[in-house]
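Please walk me through the site in this model where the ligands are held. I would like to know what surrounds them and how the metal ions are coordinated.

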Amino acid sequence: MQIFWNISLLSLPVLTITSLWLVGGIFVGLYIRRMRLRSAVALEELELKHLRLQADAEQQAREMTHSLRESEERLRMTLKYAPDAVFICKKDGRIVYVNDSVIEWLGYSRRELYDMTAYDLVPRDWQAVYRQGASVMLTDNERHVMEIRLVKKDGGKIPMELNAVLLPNGRIYGSCRDITERKLTQRALQDSQENLQRLLNGVAEGIYGVDTQGICTFVNAAFLHILGYEDTGEIVGKNMHDLIHYAHADDTPYPLGECPIDRGCRAAQPAHADEEVFWRRDGTAVSVEYWSHPVVKDGRTMGAVVTFLDNTHRRQAEQEIHQLAFYDALTGLPNRRLLLDRLNQAFAVSDRHNRYGALMFLDLDHFKTLNDSRGHDVGDLLLIEVARRLQSCLRDGDTVARLGGDEFVIVLEMLSCDVNEAVTQAEQVAEKVRDALNLPYQLNQYAHHTTSSMGIVLFRGHQESVDNLLKYADTAMYQAKAAGRNEIRFYDPEMQAALEARIELEGELRSALDKRQFCLHYQVQVNSARLPVGAEVLLRWEHPERGLVSPLQFIPLCEETGLIYPIGLWVLQTACAQLNVWQGSASTRDLVLAVNVSARQFRQSDFVAQVQRALVDSGAKASRLKLELTESIVLENVEDTIQKMREIIMLGVSFSMDDFGTGYSSLQYLKRLPLDQIKIDQSFVRDITSDPNDAAIVRTVIAMTEALGLNVIAEGVETEAQLAFLELRGCNAFQGYLFSKPVSLDAFETLLSKN
Ligand code: C2E
Ligand code: MG
Ligand code: MG
């Protein structure tokens, strides 16, 4: 640097220039140096900055690596413990990753799984399908969701929802979720829906749902049936106002919104109507009863469910019930119930118009015989034809009803206000009816002929009760029957009184045996020396109010009602018991007791056994018992009677023919009957001394019995003259007031002791 300065001083000009150049150079140098210094600093700063940045970057990288690791770890843990089964597999299905859930659910070890493909985990018959599905899936990056079933190591299957996606690295990521619960719930829901549908379709009511706009949401099978639709598709989604509730019953359309059902659907109010018109698919109307139930959800009206019944069936059923309740099923005529109703109406009409009406009771003669011989089917045909003929005989306002069996009742209205004229009018109708019913009938292959008996009673207003009128007409009808059938009779009050008395008597008679109101009276029978040889037992009814009632008053009724069975048996048993008592005493042991036996009693199939038992039970001697039969009994069925009599005679009992001469006394029978005695009826004895006819009859009877080798006894002997006459003619046994009236047992025994 010093040398440099010396050279400069030597050459000033040059120096100057040089100096200048030098100074300049110095300045430049300084400047450069400064600049150099500056840039060195900057460089240093830059370097520092760089270092700092580098450190930052490294720090960042470290942090990133750390967080990446963390996130990887998190992901790993997430996958590991994810509730879903997660697996990753290669494109060929080979499994490269599974999480713990897969192992847990399927029961394979991780190692086993890594040796398998995903397709090994689905049912064998589905593997091809899934392979196909995977090949499609592998062409896009979308997420694919499907329901599959995975097969566990133990063979069990688990329904799964698979979410699968193709990863950028070409592998397949899949996560499966167990949907067993969901499947069960779905199944249960489906079952319940099916049940509901079945239920809806099973009910007879039509049912449908509508929303607030009146749009149909569902219908049941009955709906389709009642309204003539074939498929729910024709209805669901359509406006019900347009389809079924658009008009009143008279076909005038409801203004929109006025239809009661539409209104009910919008208002959250239940609605019901007995009668509403719905319209069928074919445009015809059907009357229904409906109920509308609002559907409200979270306080909001969603619509309504409407149920309805086809009234047609109900009407038919009501009609059928009415028919059954008020009409006779066989003939279609009104029955008793409707008749009573009509009668009350007829009373009112009669009252209003002050005119007579008539009630006719009609009974077919011998209908039972037809029924028994030809069968009930043929009987029914006759009844139907009779019903038809009766209807054809009557005017419109008149009623003909069937009470049951072969009994019909006719009500005639608006007859004359004059009683005689009314009787004539009623009789004319009755004659017309009788003529119609008398015409021949063709009942299937049988030609038939029938007659009828009719009883008529007139009525005016409400003077008589319905029950009484029916009773009167019935009484008159019986009178017609009694008069020989095919007759018409008007009601007679006297006859009614007798009938009522009879009915009352019957009621009392039924309880008389239990109340021990019966007793036996004994009427002595004597021989020519007037010594008692026995007695006839005669039944007496000791009535608490009427006193002693004659058997003539009640025996026929007992016969009619069958009461004769227990009562007759009681007589037989009591007589036998008495015979047994008498056996103990020398004065009575030879007495014979005669017991009256009625026809019905004798006809009992076990009558012989009854007699036998009465004898055995009492210990009475059979030879002391005599049974009195009447001619009517004997003649009813001769062979049977003879057979029965023989059986009884075998027991040791004898027979007497009571009331002889009053019936069709026929010698032919008489000689065949195993009789011991003939009892001449008191009617012949009474006038025996004054009436030559009776005298002749008695004479003949006695002669006849002699010829036949029979004993004879005369009853009703009241006078010595009668006795003398009878004795003279050869009769040697007698019964009558001349010897004693029928008396009580005590009195009878006193009488015996006097003898
Ligand atoms: P019956 O068998 O011909 O009896 C004779 C009836 O003549 C009796 O009437 C008797 O009291 C009456 N009598 C007897 N002697 C005289 C007389 O001298 N003068 C008159 N005027 N009458 C006389 P009763 O007791 O009223 O019996 C009437 C009928 O009742 C009986 O006629 C008999 O057929 C029936 N009867 C009586 N008791 C029984 C019985 O236990 N069973 C059955 N099935 N019928 C009986
Ligand atoms: Mg008698
Ligand atoms: Mg008699």
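By class, the shell around ligand 1 consists of ten nonpolar, seven polar and seven charged residues. Ala, Val, Leu, Ile, Met, Phe, Trp, Tyr, Cys and Pro are counted as nonpolar, Asp, Glu, Lys and Arg as charged, and the others, Gly among them, as polar. The model is predicted: local features need pLDDT of at least 70, side-chain atom pairs count only at pLDDT 80 or more, and totals for chains, interfaces and linings use all residues. Residues are numbered from 1 along each chain as its sequence is written, chains are lettered from A and ligands numbered from 1 in the order in which they are written, and side-chain values use heavy atoms, with hydrogens and water left out.

In total, 24 residues surround ligand 1, each with a heavy atom within 4 Å of it. The closest are Gln523, Asn596, Asp658, Gln682 and Glu718. Three of the side chains make polar contacts with the ligand (pairs of N or O atoms within 3.5 Å). A nitrogen atom of ligand 1 lies 2.6 Å from an N or O atom in the side chain of Glu718. Oxygen atoms of the ligand are 2.8 Å from an N or O atom in the side chain of Asn596 and 2.8 Å from one in the side chain of Asp658. The protein covers 86% of the 780 Å² of accessible area that ligand 1 has on its own (Shrake-Rupley method, 1.4 Å probe).

Strand E19 (532–543), helix H17 (551–561) and strand E23 (654–660) are the elements that give two or more residues to this shell. E19 gives the most, with four residues. Helices (H or I, at least four residues) and strands (E, at least two) are DSSP runs, numbered from the N terminus.

Two magnesium ions come next. Ligand 2 is coordinated by Glu536 (OE), Asn596 (OD1), Glu628 (OE) and Asp658 (OD), at 2.0 to 2.3 Å. Donors are N, O and S atoms within 2.8 Å of the metal (3.2 Å for Na, K and Ca); water is not among the atoms, so sites may look incomplete. Glu536 lies in strand E19 and Glu628 in strand E22 (residues 625–630), so this pair ties together parts that are 92 residues apart in sequence. The donor spacing for ligand 2 is E-x59-N-x31-E-x29-D.

For the magnesium ion ligand 3, the protein donors are Asp658 (OD), Asp659 (OD), Glu715 (OE) and Glu715 (OE), at 2.1 to 2.6 Å. Their residues are spaced D-D-x55-E in sequence. Which residue coordinates both magnesium ions? Asp658 does, and the two ions are 3.9 Å apart.

Key: Polar contact = N/O pair within 3.5 Å; in protein donor to acceptor, adjacent residues only side chain to side chain.
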